[in-house]
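Me: Could you take me through how strands, sheets and contacts are read in a model like the one shown here? I would like the general idea each time, and then the case at hand.

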Amino acid sequence: MIAVLCALPQEIRGLFDGLAAAKRQVWAGRGVHLGSILGRRVIAGHTGVGKSLAAMTSQHVIDTYAPAVLVFVGIAGSL
């Protein structure tokens, strides 16, 4: 499984739209979408803004879904 996270929902909306057979789950007020792209299982979601929210949500995704890879993307992620 590949996990893709970002801070804001607008930054990942396109990925949500591209997930096949997507199911939405909510944790701590934030939604994650589980689905697949090109036959690979993917979880995509947003963490909220800030280091503590990013860390908390990332740890939850790691503990709950055990992804092989976790990628954090977004406009400010490169700064």
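Reply: We begin with pairing: two strands pair if DSSP finds at least two bridges between them. Keep in mind that this is a predicted model. In this structure, β1 and strand β4 (residues 40-46) pair in the parallel sense over five bridges, and within that pairing the bridge partner of Ala3 in β4 is Ile43.

Me: Which residue in β5 stands opposite Ala3?

Reply: Opposite Ala3 in β5 stands Leu70. Strand β5 (residues 69-72) is joined to β1 by four bridges, and the two run parallel. Strand β1 (residues 2-6) is also mostly covered, since four of its five residues are buried.

Me: In what order do the five strands form the open sheet?

Reply: The order is β2-β3-β4-β1-β5, an open sheet whose pairing is mixed. Because β2 (20-27) and β5 each have a single partner strand, they stand at the edges, and one side of each is left without a neighbour in the sheet. On average, neighbouring strands of this sheet are turned by 20° against each other, with direction ignored.

Me: How many bridges join strand β3 to β4, and in which sense do they run?

Reply: Strand β3 (residues 30-37) is joined to β4 by six bridges, and the two run antiparallel. There, Leu34 has Ile43 as its bridge partner in β4, the residue that is also the partner of Ala3. As to what packs on the sheet, helix α2 (residues 51-65) does so, touching β1, β2, β3, β4 and β5, and its direction makes about 45° with that of β3.

Me: How should I read side chains along a strand?

Reply: In a regular strand the side chains alternate between the two faces of the sheet.

Me: Turning to the loops, is Ala7 buried or exposed?

Reply: A residue is called buried if its relative accessible area is under 20%; Ala7 has 18%, so Ala7 is buried. Ala7 is found in the loop between β1 and α1 (13-18). Leaving aside residues up to four places away in sequence, Ala7 touches His46, Thr47, Gly48, Val49, Phe72 and Val73. The C-alpha atoms of Ala7 and Val73 are separated by 8.0 Å, although the two residues are 66 residues apart along the chain.

Me: Where is Thr47 found, and what is its relative accessibility?

Reply: Thr47 is found in the loop between β4 and α2, and Thr47 counts as buried because its relative accessibility is 0%. With residues up to four places away in sequence again not counted, Thr47 touches eight residues' worth of surroundings that include Leu5, Cys6, Ala7, Arg30, Leu53, Ala54, Thr57 and Phe72.

Definitions and conventions. Residues are numbered from 1 along each chain as its sequence is written. This is a predicted model: local features need pLDDT of at least 70, side-chain atom pairs count only at pLDDT 80 or more; totals for chains, interfaces and linings use all residues. Side-chain values use heavy atoms; hydrogens and water are left out. Buried means under 20% relative accessible area, exposed over 50%, partly exposed in between (1.4 Å probe, protein chains only). Axes are lines fitted to C-alpha atoms, for helices over the stretch in contact, and angles run from 0 to 180 degrees between N-to-C directions. Contact means heavy atoms within 4.5 Å.
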